[in-house]
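Here is a friendly briefing to read alongside the coordinates. It goes through helix packing, the core, the disulfides and the overall layout.

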Amino acid sequence: TRPILGAESASGPKDSAPPAIEALVPDTSKPDEARKLNAEIPFSTAPNPAARPFKFAGDATALERATNCLAAAMLNEAGDDPVGERAVGQVVLNRVRHPAYPKTVCGTVFQGQERSTGCQFTFTCDGAMARIPSPAAWQRARGLASRMLAGDVYKEVGYSTHYHTNWGMPYWSSSLDKVAAGGTHLFFPWQGYC
């Protein structure tokens with residue numbers, strides 16, 4: 001089922017020609033080897049500035065939709081971990097600002113969900129949405145999402161648009177700069193964008 005998308009907007013940096021978006025299918029067949037290889041990749045020494053605060057612009061209905069979509073991504077991608085949830089939330093908002101992604105939170109979160117290997121966030125196409133989170137976890141994720149849509153920034157990931165676990169090696173990781181780590185996740189901005 002496709003989500004109902006609301007009218008959302010955000011101002012952000014512009015690039016002249018957005019790169020093509022390919023399915024993000026990590027190779028998780030050799031987790032120990034992936035952890036070793038990921039550990040050997042150095043962190044970028046280039047500046048990693050914090051993203052600018054995201055200010056949601058839309059009516060109350062659109063804000064409710066955006067909050068739910070962002071909270072679902074945060075909770076399903078990071079688990080019931082407030083720090084990890086904020087990192088995921090920042091990546092989603094960075095993508096909304098990036099010209100290669102849809103300009104709405106829900107559009108970005110659910111992009112490619114109709115394809116079994118084309119979803120941008122795994123939880124949208126792997127059946128995870130059938131799980132019902134605890135009420136406390138859902139309310140916490142919604143509260144974090146609400147604050148991020150009102151300008152709260154998770155500075156550590158900067159303008160990262162990608163992340164993966166340290167036990168996976170997606171094809172794209174070698175083409176992006178590793179700028180941050182949080183728990184078992186590694187974060188990468190699209191080069192030339194911030």
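In this predicted model, helices α2 and α3 pack at an angle of about 130°, with their axes 8 Å apart. That angle makes α2 oblique to α3 (angles under 35 degrees count as roughly parallel, over 145 as roughly antiparallel, 65 to 115 as roughly perpendicular and the rest as oblique). Axes here are lines fitted to C-alpha atoms, for helices over the stretch in contact, and angles run from 0 to 180 degrees between N-to-C directions. Helices (H or I, at least four residues) and strands (E, at least two) are DSSP runs, numbered from the N terminus.

**Ground rules**

- Residues are numbered from 1 along each chain as its sequence is written, and side-chain values use heavy atoms, with hydrogens and water left out.
- Because this is a predicted model, local features need pLDDT of at least 70 and side-chain atom pairs count only at pLDDT 80 or more, while totals for chains, interfaces and linings use all residues.

**Helix packing**

- The crossing of α2 and α3 is right-handed (a crossing is left-handed if the near helix is turned anticlockwise from the far one by less than a right angle, and right-handed if clockwise).
- On the α2 side, the contact with α3 is made by Leu-70, Ala-73, Met-74, Leu-75, Glu-77 and Ala-78; contact means heavy atoms within 4.5 Å.
- The α3 side of that contact consists of Gly-84, Glu-85, Arg-86, Val-88, Gly-89, Val-92 and Leu-93.
- Helix α2 also packs on α5: their axes come within 8 Å and cross at roughly 120°, which makes α2 oblique to α5.
- This crossing of α2 and α5 is right-handed, and the residues that meet there include Leu-63, Leu-70 and Leu-75 from α2 and Trp-138, Ala-145 and Leu-149 from α5.
- The axes of α3 and α5 come within 10 Å and cross at roughly 40°, so α3 is oblique to α5.
- Helix α3 passes α5 in a right-handed crossing, where Pro-82, Glu-85, Arg-86, Gly-89, Gln-90 and Leu-93 of α3 meet Arg-140, Ala-141, Leu-144, Met-148 and Leu-149 of α5.

**Nonpolar cores**

- The largest nonpolar core has 36 residues, and those with the most contacts inside it are Leu-70, Val-92, Val-105 and Leu-149.
- A nonpolar core is a set of buried Ala, Val, Leu, Ile, Met, Phe, Trp, Tyr and Cys residues joined through side-chain atoms within 4.5 Å.
- Buried means under 20% relative accessible area, exposed over 50%, and partly exposed in between (1.4 Å probe, protein chains only).
- Two or more residues of the largest core come from each of α2 (60-78), α3 (82-97), α4 (105-109) and α5 (135-149), and the largest share, nine residues, comes from α2.
- Setting aside neighbours within four places in sequence, Leu-70 touches Gly-89, Val-92, Leu-93, Val-105, Ala-145, Met-148 and Leu-149.
- A second, separate core of seven residues includes Ala-100, Tyr-101, Trp-172 and Leu-186.
- In soluble globular proteins, nonpolar side chains tend to be buried together.

**Disulfides**

- The count comes to two disulfides, a disulfide being a pair of cysteine sulfur atoms within 2.5 Å.
- One disulfide joins Cys-69 to Cys-106, with an S to S distance of 2.1 Å, and this link is right-handed, with 95° about the S-S bond.
- Cys-69 lies in helix α2 and Cys-106 in helix α4, so the pair ties together parts that are 37 residues apart in sequence.
- Both ends of this link are buried: Cys-69 has a relative accessible area of 8%, and Cys-106 has 0%.
- Cys-119 and Cys-125 form a disulfide with their sulfur atoms 1.9 Å apart; Cys-119 is buried at 6%, whereas Cys-125 is partly exposed at 23%.
- With the bonded cysteines numbered in sequence order, the pairing is 1-2, 3-4.

**Overall layout**

- The chain has five helices and three strands, arranged along the sequence as α-α-α-α-α-β-β-β.
- Of its 194 residues, 45% count as buried.
- Among contacts with a separation of 6 or more, residues 24 or more positions apart account for 72%.
- Pro-170 sits in the loop between β1 (162-165) and β2 (180-182) and is buried, with a relative accessible area of 4%.
- The C-alpha atoms of Pro-170 and Ala-34 are separated by 9.7 Å, although the two residues are 136 residues apart along the chain.
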